[in-house]
Amino acid sequence: MSCSILNGIRVVDLARYIAGPFCGMLLADMGAEVIKVEKPEIGEVTRRSAPWKDGVSLAFPAYNRNKKSISLDVRKPEGMKILRDLIARSDVLLENFRVGTMEKMGLTYEEVKKINPRIIMVSVSGFGQVGPYRELLAFDGVISAMASITRLENGHAERSKGALQDHMAALYATVATLLAIMDREKTGKGQYIDVSMFASSAMVRNESIADAYINGGDFCIDDAAPYGFLYVQDGCVYFHAGLGNMYERLLSINSDPFLHEERFRDPGVRTEHAGELMAHLQEWAKDMKAKDLDAMLKAADVTSAVVATPKDLIQDKHLREAGFLKMMQVRGLSKEIPYIGLPFKLSEHPDVEFHAAPSVGENDGEIYHNVLGFSEQDIQSLQEKGII
């Protein structure tokens, strides 16, 4: 049974890459009719993004399941007229173009509101629609660096794997869209939602921003020590023994006299000597196996984890047994592929369905005929003109 929470909500999805499409996908997962508008034949750019299997992108399905797709060349006047007609019959317009693009298309919020006064328009961009950075081009790594998310330690910078900044912006866009839908139920009015990737990511650093303001310094202390990565024979283990009584628990499995010095009972002192503590712990761990060290830490109730690869996630017993890892169909491939379904569960909607991401224009007949009222002859004419 498909989730029905957002049944009756129609979303026009003009988005591309990750942040916008992921927001649209979450709305689709919850039952909204999300219509992805794509260039005829070639479709949205992410269809050509790595990784691939037999020429089929494995990235595109990760952000576009449960959607419908229509092909439409909005660069042509007749195509733009059709898009405007679709907007008039929809609840949400979602885009994540570079700031200024929608204005060039004649689709500012003020213009869109004239087409449909109840429309909720959602714009996701690198820096938002206002401010001195508004026109700058931004991708995940840029935002990670600017928002102080990129890890900088001992002169070495390292960005986390995966497009975390895109995902955070998409989540805020989804929350804001749901709030706007609720608000419209009360007021009858649509509204404009402006989502900034930069601000979405910088919010993660809230306590560090406050710390920098009050205590000064370019690099803010995030936690008490020790915590971090221990490199072992066959990999790497992350642990955190800096909070609460975890350091005491760590001492129960490590007899190094340095670690047991009385001064390190004080979290502040441990933080001041974090590098020395980690050096001693690294010497202790270097000849161990990752699973053995992780098991030892966990047995002492010290939080830890072996640094996993995507292959490890496929076999992860928790993701599998808890039902988070789902096998999904991918258009163009003969076998199903594992993806994460939803990271939360709804007791009243326990069996959310996940339908394959659509082919380019897969739903042309349905949308152009049922939603826009075109005849078969009209649709054929549009195809002959190259508009769809």
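Pro51 sits in the loop between β2 and β3 (52-53). The bond that joins Ala50 to Pro51 is a cis peptide, with omega about 0°. This is a predicted model. Elsewhere in it, 6 strands form an open parallel sheet, and the largest nonpolar core holds 44 residues.

**Cis peptide bonds**

- Omega is about 0° between Ala50 and Pro51.
- A cis bond also runs from Ala225 to Pro226, where omega is near 0°.
- Pro226 lies in the loop between α9 (206-215) and β11 (227-232).

**Positive phi outside glycine**

- Ser148 is not a glycine, yet its phi is positive, near 65°.
- Ser148 belongs to the loop between α6 (140-146) and β8 (151-153).
- Why does Ser148 count as partly exposed? Its relative accessibility is 38%, and partly exposed covers the range between the buried limit of under 20% and the exposed limit of over 50%.
- Asp301, also a non-glycine residue, has a positive phi of about 65°.
- The loop between α13 (290-299) and β13 (303-306) contains Asp301.
- Asp301 counts as partly exposed because its relative accessible area is 49%.

**The open sheet**

- The strand order is β5-β2-β1-β6-β7-β10, and the pairing is parallel.
- β5 (68-71) and β10 are the edge strands, and each pairs on one side only.
- From one strand to the next, the twist averages 20°.
- Strand β1 (residues 10-13) runs parallel to β6, and 3 bridges join them.
- Which residue of β6 stands opposite Val11? That residue is Val92.
- Helix α16 (residues 364-371) lies across β1, β2 (33-38) and β5. The angle between α16 and β5 is about 85°.

**Nonpolar cores**

- Within the largest nonpolar core, Val11 and Val122 touch the most other members.
- Six elements each supply at least two residues of this core: α1 (19-29), β6 (92-95), β7 (120-125), α7 (164-187), β10 (191-196) and β15 (337-340).
- The most comes from α1, which gives 7 residues to this core.
- Leaving aside residues up to four places away in sequence, Val11 touches Leu27, Ala32, Glu33, Val34, Ile35, Val92 and Leu94.
- Another core, of 28 residues, lies apart from the largest one. Its members include Val37, Met102, Ile119 and Leu382.

Technical notes. Residues numbered from 1 in each chain as written. Predicted model: local features only at pLDDT ≥ 70, side-chain atom pairs only at ≥ 80, totals over all residues. Heavy atoms only, no water. Core = buried A, V, L, I, M, F, W, Y, C linked by side-chain atoms within 4.5 Å. Buried < 20%, exposed > 50% of the residue type's maximum accessible area, 1.4 Å probe, protein only. Helix = DSSP H or I, 4+ residues; strand = E, 2+ residues; numbered from the N terminus. Contact = heavy atoms within 4.5 Å. Pairing = 2+ DSSP bridges. Axes fitted to C-alpha atoms, helices over the stretch in contact; angles between N-to-C directions.
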